[in-house]
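Please work through the following exercises with the sequence and the model at hand. Each task is followed by a solution in steps.

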Amino acid sequence: MNSPDLRWQRILVTTDFSPASLVAVRYARALAEERGAALTVLNIIEPFHVDWKMDTSDRQRDDRAEAERAMAALADAELRDLAGVHTELRPGQPAEALAEFAQVMQADLLVIATHGRTGLTRALLGSVAEHVVRHAPCPVLVIRAGRARETRVRGVAAHRDA
């Protein structure tokens with residue numbers, strides 16, 4: 001029986017800047033530190049649906065500027081002293097864009113949070129994490145969001161379900 005290759009050199013984590021995705025970033029950081037891996041933090045800027053008469057260029061610029069500010073704040077607060085960190089902003093539908101980016105960067109591991117939607121909400125909106133698990137070109141670590149309490153992950157503060 002062949003053992004899986006756990007020499008992760010390129011870890012990808014996605015964030016939407018929510019508290020749940022912050023937990024995923026902290027887990028990814030801890031894994032990157034432990035493995036000496038490069039860490040890429042990705043935010044997908046979703047397109048929005050508008051009336052055909054509406055000019056979307058200002059809105060798109062505002063969304064990108066807001067994402068740039070949020071990513072800079074995240075990097076400063078959580079990743080400042082970590083070597084080998086790269087941040088990336090990409091447009092697209094989250095599930096598809098994330099799986100595609102993981103393929104392009106040849107990620108060895110993808111870390112993603114789930115917001116824990118259930119029932120009708122999940123049926124109507126789908127699950128980004130579920131789609132990514134099905135289509136990612138690499139192993140996926142799904143961090144379950146929920147009631148969180150502070151804990152330590154190999155020396156890095158993180159959250160854990162209570």
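The exercises below go from the whole chain to single helices, a helix pair and two residues.

The structure is a predicted model, in which local features need pLDDT of at least 70, side-chain atom pairs count only at pLDDT 80 or more, and totals for chains, interfaces and linings use all residues. Residues are numbered from 1 along each chain as its sequence is written, and side-chain values use heavy atoms, with hydrogens and water left out.

**Exercise 1. Describe the overall make-up of the chain.**

Step 1. Helices (H or I, at least four residues) and strands (E, at least two) are DSSP runs, numbered from the N terminus. On this basis the chain has 5 helices and 7 strands.

Step 2. Reading from the N terminus, the order of elements is β-α-β-α-β-α-β-α-α-β-β-β.

Step 3. Buried means under 20% relative accessible area, exposed over 50%, and partly exposed in between (1.4 Å probe, protein chains only). Of the 162 residues in the chain, 38% are buried.

Step 4. A contact means heavy atoms within 4.5 Å. Among contacts with a separation of 6 or more, 72% join residues 24 or more positions apart.

**Exercise 2. Compare the span of helix α1 with its expected value, and assess its burial.**

Step 1. The expected span of a helix is 1.5 Å times one less than its number of residues. For the 17 residues of α1 (residues 19-35) this gives 24 Å, and the end C-alpha atoms are 25 Å apart, which agrees.

Step 2. Helix α1 is mostly covered, with 12 of its 17 residues buried. Among them are V23, Y27, L31 and also R26 and R29.

Step 3. Just after α1, G36 has a positive phi of about 70 degrees.

**Exercise 3. Characterise helix α3 and its packing against α5.**

Step 1. Helix α3 (residues 94-105) has 12 residues and reaches 16 Å from its first C-alpha to its last, close to the 16 Å expected.

Step 2. Its buried residues are P94, A95, A97, L98, A99, F101, A102 and M105. The cover over the buried residues of α3 includes β1 (10-14), β2, β3 (85-91), β4 (109-114) and α5.

Step 3. Axes are lines fitted to C-alpha atoms, for helices over the stretch in contact, and angles run from 0 to 180 degrees between N-to-C directions. The axes of α3 and α5 (residues 128-135) are 9 Å apart, at an angle of about 35 degrees.

Step 4. P94, A95, E96, L98 and A99 of α3 meet V128, H131, V132 and H135 of α5. The residues of this contact divide into 6 nonpolar, 2 polar and 1 charged (Ala, Val, Leu, Ile, Met, Phe, Trp, Tyr, Cys and Pro count as nonpolar, Asp, Glu, Lys and Arg as charged, and the others, Gly among them, as polar).

Step 5. After α3 comes Q106, with a positive phi near 55 degrees.

**Exercise 4. Establish the surroundings of L39 and N43.**

Step 1. L39 is placed in strand β2, and N43 lies in strand β2 (residues 38-45).

Step 2. L39 is buried, with a relative accessible area of 1%; N43 is buried as well, at 5%.

Step 3. Leaving aside neighbours within four places in sequence, L39 is in contact with residues including I11, V13, A28, L79 and V85. L39 and A28 are 11 residues apart in sequence and 7.5 Å apart in space, C-alpha to C-alpha.

Step 4. With neighbours within four places again left aside, the contacts of N43 include T15, F17, M71 and E88. A polar atom of the N43 side chain lies 2.9 Å from the backbone oxygen of T15.

Terms used: A polar contact is a pair of N or O atoms within 3.5 Å; within protein, one must be able to donate a hydrogen and the other to accept it, and residues adjacent in sequence count only if both atoms are side-chain atoms.
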